Amino acid sequence: MITNTKDFMMLLGFQENDLVSWGASAPDWRFHRGIATAGELWQTNESAEADNYNMYYSISSFKGRGKATEDQVDKVFELVLDIDYGAHHKRAEFENRDHAWQYIKEHFSKPTVIIHTGGGFQLHYKLSTPLSGDADKRRFKMLVAAIARHYRVDFCFSLEHLFRLPFSRNIKSGAEIREVSILEVNPEVSYTLEEIQNKFLPADFSLEEPTSHAVEKSRIASIKKDTQSLFDRSAVAFQLLIRSLKFVPDVSDKVLETAIVNDPVLFEHYHQERRLVRMDIQRARNKVMEESIECVLPVEKFHLGNPDLSLYDKVRNKFNQQFFNTCSPKIDITLSILDQCHKQGKQALLSLPCSSGKSTAALLFIAAHASVNRRFWLVSEKIADCKRNADMLRKLSCNALAFHGRDGECCKVDEQVFRHQNKKRICSECPNPCGAELKYCVDEYRLDFSLADVVCCTHAHYKHALANGQFPPNIHIVIIDESPELLESFSFQQKDLSILYKHLADYPPVLELEADMVTIEQLLSDHSCRRIKPLNYDFAEISRYLFMQFHRKAIAMEEFEFALEFCQLFGKNENIFGMAKDQHYEFIAGTVELETSVQTVILDGSAKLQSTRWKGFFIIECDQLKTAYPNTHIHCILDNPTKSKLSNKKVFQKIIDAADELLTQSDTDTILFANKNLSSDPILARAIDRLKQTIISKDGNIIPLPRGQHIGSNAGRTAQFAVVAMSLFRTVSAYALQTAICRDEEIDAERIWSEAVFNGKKVLIPKFCRDGSFTDKKLNQQYLKRFVAWYADVAKD
């Protein structure tokens with residue numbers, strides 16, 4: 001009995017170390033092909049990740065891990081006949097499954113294995129002895145071509161041809177997912193080429209070499225077959241939706257759905273299911289929205305052939321033994337892109353979607369190349385990631401270390417005390433030494449540790465080096481996981497300033513500072529977004545003065561932290577924009593024009609949404625990495641996703657009810673996305689607690705990811721459910737400030753606000769179109785970028 005991929009391939013003669021060609025595809029994700037050992041393919045096809053792909057394998061083994069071409073074929077193990085049926089196959093010979101099955105039973109000898117692919121049958125005839133000689137391989141091709149001419153089977157005689165793997169899935173857009181299953185096994189059956197010829201062809205039949213026309217026909221048929229598994233059959237209708245939305249952006253979903261349903265030809269593409277029509281309308285809207293976003297950097301497409309990744313075999317085998325199996329089409333592609341960027345010396349942002357294996361590929365790439373003369377920086381957002389990466393690289397025989405600042409997870413010293421006291425003394429006396437010791441326990445502050453071949457550091461550390469232009473000259477490549485946030489935001493109310501002035505009452509320049517802040521208040525009083533002139537004060541001296549106050553306990557922790565942030569924003573930045581509304585002030589500072597002489601590769605799924613203009617950089621995309629989630633279902637609660645709505649008990653109860661309905665399985669991991677700070681909203685905090693209790697009552701294990709912490713995190717990869725309980729949008733001022741600093745221009749209030757009368761009073765409301773977008777195109781660009789980036793970050797988990 002065959003119960004897994006290994007049993008199936010071993011029955012046909014494959015051994016664990018045989019090199020076989022494999023393929024993978026998914027809706028909206030182009031066909032990818034590579035070479036791996038049969039054992040690696042068995043593990044991949046049995047993994048949970050394989051459920052998202054169409055998986056294929058070759059009937060032959062190959063001489064090496066180079067290209068899967070016919071001249072590299074080592075042995076041929078079987079002959080496979082492919083028989084399709086149904087309207088979903090354009091060239092299908094049979095109307096339905098029963099007709100195809102009847103034809104098989106009437107015309108074909110008993111095969112070793114029969115597989116049902118979900119849209120056809122594969123008849124596998126094991127060869128008694130695998131073919132290895134050139135004469136036998138030529139005869140095999142002639143025999144398969146002759147059978148294809150005599151019977152109603154697909155024309156696929158090439159030695160490197162791929163067929164669907166059993167225990168995989170048949171996934172196509174607009175169709176139900178179907179299992180690729182084994183129907184019949186006859187383990188005692190095998191054939192020689194002569195026996196197959198005698199069984200299938202007339203006694204006087206003479207085999208001929210396939211003509212060039214036949215070869216080309218087979219090649220085109222194979223390409224078409226692969227293509228059909230990638231794109232849904234509703235292409236005509238989908239393009240109509242795209243054109244309609246571009247021409248009439250305000251058209252409603254109901255109007256579009258009615259137009260499709262009333263056209264019998266178009267509706268037939270969706271198998272007359274309105275649900276599929278509505279799905280395509282949402283896909284079309286998302287596509288039009290993403291296409292309307294302006295990209296600040298040039299975009300290049302990466303075209304994958306058959307890459308030679310043999311350089312990484314040694315480190316990859318060690319990684320597989322130490323951690324997990326890396327035999328994945330996505331890791332192969334990502335590793336190939338990194339390899340090409342390295343060879344070309346290219347500065348690049350790799351637009352790699354979630355689950356593309358970018359972190360794993362980066363570790364493999366660095367471990368294969370790092371040396372004393374080829375030093376790397378691997379930059380991550382969180383200290384925990386730095387420590388994990390350094391540990392994994394050391395286990396791959398790399399001279400790597402984590403180099404970072406204070407680790408809040410293990411450091412017992414308060415952050416503000418650590419910041420202003422002797423860091424060298426604190427770290428040298430710490431009972432839990434970490435990467436901060438390497439950074440601070442030296443006579444001079446340093447940005448690098450030259451004794452390490454790989455330095456794993458944080459975004460904050462990298463930003464400091466970038467701002468000061470202090471990259472060590474012997475750094476070969478910097479690889480950054482997720483684009484670092486290089487802009488600073490800060491907000492406060494009038495009462496916060498009053499408290500600051502009170503604590504600075506004995507500081508001589510305080511009156512001048514008050515006068516300058518009054519000038520800023522007047523500048524922002526018309527609700528426009530304005531450029532703020534630099535404040536010429538010794539903010540470092542002010543910070544020291546405030547720390548003395550804090551040390552004497554004359555100032556509370558919250559007030560002290562606000563004062564330090566105030567000094568940092570206005571003391572370290574020259575490019576600042578600000579806005580004010582209802583005694584609330586918001587500021588943004590920094591620059592979006594950046595340049596580095598060190599080769600840098602940034603791994604970011606939202607690369608095209610970048611606002612930072614990296615000089616000399618390219619955004620690299622790869623269609624083969626486009627990801628679909630055919631097993632994912634999204635339960636949308638139709639309401640305005642704002643914080644005030646979330647605080648509404650009736651609205652939040654909808655979230656709780658939906659979670660209660662979906663969490664029916666036991667021992668499930670659940671990601672709970674929630675607003676980061678709930679202390680100011682007790683109603684929402686209580687609602688979140690009720691939601692937590694609901695999840696726990698269903699035996700769910702909560703993976704908390706507060707807003708902001710979900711960015712760049714893989715913490716939720718084991719979860720089967722995600723519950724989003726957070727407001728999705730930032731303030732209107734935040735979008736305006738982001739637009740101003742990215743465009744380097746002030747924005748008048750008339751572009752942002754409209755006046756309305758509410759309860760007899762004039763109030764300012766955002767200037768929106770009917771579809772919820774900003775009327776100002778530049779503002780709307782920033783709004784779209786932020787929203788799409790947020791959606792991509794949350795959806796990946």
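**Notes on the predicted model: cysteines, sheet and helix packing**

1. Let's start with the sulfurs: searching the whole structure turns up zero disulfides. Keep in mind throughout that this is a predicted model. Why does C457 have no bonded partner? Its closest cysteine sulfur belongs to C386 and sits 6.2 Å away, too far for a bond, given that a disulfide needs the two sulfur atoms within 2.5 Å. C457 is also buried, with a relative accessible area of 0%. C567 counts as buried too, at 4% relative accessibility.

2. Now the overall picture. The chain has 797 residues, and 50% of them are buried. DSSP-style bookkeeping gives 28 helices and 29 strands. If you take contacts between residues at least 6 apart in sequence, 73% of them join residues at least 24 apart.

3. The sheet to look at is an open one of eight strands, paired in parallel, and its order is β11-β24-β12-β22-β16-β13-β15-β14. Which strands stand at the edges? They are β11 (299–301) and β14 (400–402); each has a single partner strand, so one side of each is left without a neighbour in the sheet. On average, and ignoring direction, neighbouring strands here are turned by 20° against each other.

4. Zooming in on one pair within that sheet, strand β12 (residues 348–351) runs parallel to strand β22 (residues 599–604), and four bridges join them. If you want a spot to click on, S351 stands opposite D604 in β22.

5. Two helices that pack on this sheet are worth a look. Helix α13 (residues 358–369) touches β13 (375–380), β15 (454–458), β16 (475–481) and β22, and its direction makes about 165° with that of β16. Helix α14 (residues 383–395) touches β13, β14 and β15, with about 160° between its direction and that of β14.

6. Next, α22 and its partner α21. Helix α21 (residues 539–551) has its axis within 9 Å of the α22 axis, and the two cross at roughly 175°. That makes α21 roughly antiparallel to α22. On the α21 side the contact uses F539, I542, S543, L546, F547 and F550, and these meet M557, F560, A563, L564, F566, C567, F570 and G571 in α22. By class, the contact of α21 with α22 has 12 nonpolar residues, two polar and no charged. The buried C567 from point 1 is one of the α22 residues in this contact.

7. α22 (residues 557–572) also meets helix α19 (residues 494–503): their axes come within 10 Å and cross at roughly 95°. So α19 is roughly perpendicular to α22. The α19 residues D496, L497, I499, L500 and H503 meet E559, F562, A563 and F566 in α22. This contact of α19 with α22 divides into six nonpolar, one polar and two charged residues. A563 and F566 appear in the α19 contact and in the α21 contact as well.

8. Last, a hairpin further along the chain. Strands β28 (residues 753–758) and β29 (residues 761–766) pair in the antiparallel sense, over six bridges. Within that pairing, A756 has V763 in β29 as its bridge partner. How many residues lie between β28 and β29? There are two, and N759 in the turn has a positive phi of about 55°.

Terms used
Residues are numbered from 1 along each chain as its sequence is written. This is a predicted model: local features need pLDDT of at least 70, side-chain atom pairs count only at pLDDT 80 or more; totals for chains, interfaces and linings use all residues. Side-chain values use heavy atoms; hydrogens and water are left out. Axes are lines fitted to C-alpha atoms, for helices over the stretch in contact, and angles run from 0 to 180 degrees between N-to-C directions. Angles under 35 degrees count as roughly parallel, over 145 as roughly antiparallel, 65 to 115 as roughly perpendicular and the rest as oblique. Contact means heavy atoms within 4.5 Å. Ala, Val, Leu, Ile, Met, Phe, Trp, Tyr, Cys and Pro count as nonpolar, Asp, Glu, Lys and Arg as charged, and the others, Gly among them, as polar. Buried means under 20% relative accessible area, exposed over 50%, partly exposed in between (1.4 Å probe, protein chains only). Two strands pair if DSSP finds at least two bridges between them.
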